[in-house]
Amino acid sequence: MTPTPFDQLGGESVVLRLAERFYDVMERSEPALTAIHKQDPPGRISRESRDRFGLFLIGWLGGPQTYMERHGHPRLRMRHGHLKIDPALRDAWMRSMTTAMDELQISGEIRSFLAARLGEVAAFLRNT
């Protein structure tokens, strides 16, 4: 049995750290992208958003499907349809994820896989 990307990355704890770091980087470096997210105190992306994205990543990478059990199918385009996602926001999203992967020292085949697949998702969500 081939290990899933979830397993290759290191399991739940690593995926959740990646989700947290992604939002930390976004808050630090991408104010326009941060602004379209639900925030607790201003400038701090909500705990709910962080937890939900962490669960999504876990399932998307082949781990437990808790996201689907709690929230149903991700339907990414529908859930993001109310936002105007242009090339600048797409690129900001990718910069945030790339920096998060850099800071967590994610490398090798799993890094290449993530960069390619996440790039596809970011392009798919672009709607303007």
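**Exercise 1. Determine what covers the buried residues of α2 in this predicted model.**

Solution.
- Step 1: list the buried positions. In α2 these are V14, V15, L18, A19, F22, Y23, V25 and M26.
- Step 2: recall the helix repeat. An α-helix has 3.6 residues a turn, so residues three or four places apart point the same way.
- Step 3: identify the cover. The elements over the buried residues of α2 include α1 (5–9), α3 (31–35), α4 and α7.

**Exercise 2. Check the end-to-end span of helix α2 (residues 12–29) against its expected value.**

Solution.
- Step 1: take the 18 residues of α2 at 1.5 Å a residue; the helix should span 26 Å.
- Step 2: compare with the model. The end C-alpha atoms of α2 are 26 Å apart, which agrees.

**Exercise 3. Describe how α2 and α4 pack, and decide which orientation class applies.**

Solution.
- Step 1: read the geometry. The angle between α2 and α4 is about 135°, and their axes lie 9 Å apart.
- Step 2: classify. Angles over 145 degrees count as roughly antiparallel and 65 to 115 as roughly perpendicular; α2 and α4 are therefore oblique to each other.
- Step 3: assign the hand. The crossing of α2 and α4 is right-handed.
- Step 4: name the contacting residues. On the α2 side they include A19, E20, Y23, D24 and E27, and on the α4 side they include R50 and F53.

**Exercise 4. Is R50 buried or exposed, and which side chain makes a polar contact with its side chain?**

Solution.
- Step 1: locate R50 in helix α4 (residues 47–60).
- Step 2: apply the cut-off. Buried means under 20% relative accessible area; R50 has 2%, so R50 is buried.
- Step 3: find the polar partner. The side chains of R50 and E20 make a polar contact at 2.8 Å.
- Step 4: collect the contacts beyond four places in sequence. R50 touches A19, E20, Y23, D24, E27, R44 and I45.

**Exercise 5. Characterise the surroundings of S46, in the loop between α3 and α4.**

Solution.
- Step 1: assess burial. S46 has 1% relative accessibility and therefore counts as buried.
- Step 2: list contacts, leaving aside neighbours within four places. S46 meets K38, Q39 and D40.
- Step 3: look for a polar contact. The side chains of S46 and S49 are joined by one of 2.9 Å.
- Step 4: compare sequence and space. S46 and Y23 are 23 residues apart in sequence, with their C-alpha atoms 9.6 Å apart.

**Exercise 6. Which residues does W93 touch beyond four places in sequence?**

Solution.
- Step 1: place W93 in helix α7 (residues 87–103).
- Step 2: assess burial. The relative accessibility of W93 is 19%, so W93 counts as buried.
- Step 3: list the contacts. W93 touches F22, L33, F53, L118 and A122.

Definitions and conventions
Residues are numbered from 1 along each chain as its sequence is written. This is a predicted model: local features need pLDDT of at least 70, side-chain atom pairs count only at pLDDT 80 or more; totals for chains, interfaces and linings use all residues. Side-chain values use heavy atoms; hydrogens and water are left out. Helices (H or I, at least four residues) and strands (E, at least two) are DSSP runs, numbered from the N terminus. Buried means under 20% relative accessible area, exposed over 50%, partly exposed in between (1.4 Å probe, protein chains only). A polar contact is a pair of N or O atoms within 3.5 Å; within protein, one must be able to donate a hydrogen and the other to accept it, and residues adjacent in sequence count only if both atoms are side-chain atoms. Contact means heavy atoms within 4.5 Å. The expected span of a helix is 1.5 Å times one less than its number of residues. Axes are lines fitted to C-alpha atoms, for helices over the stretch in contact, and angles run from 0 to 180 degrees between N-to-C directions. Angles under 35 degrees count as roughly parallel, over 145 as roughly antiparallel, 65 to 115 as roughly perpendicular and the rest as oblique. A crossing is left-handed if the near helix is turned anticlockwise from the far one by less than a right angle, and right-handed if clockwise.
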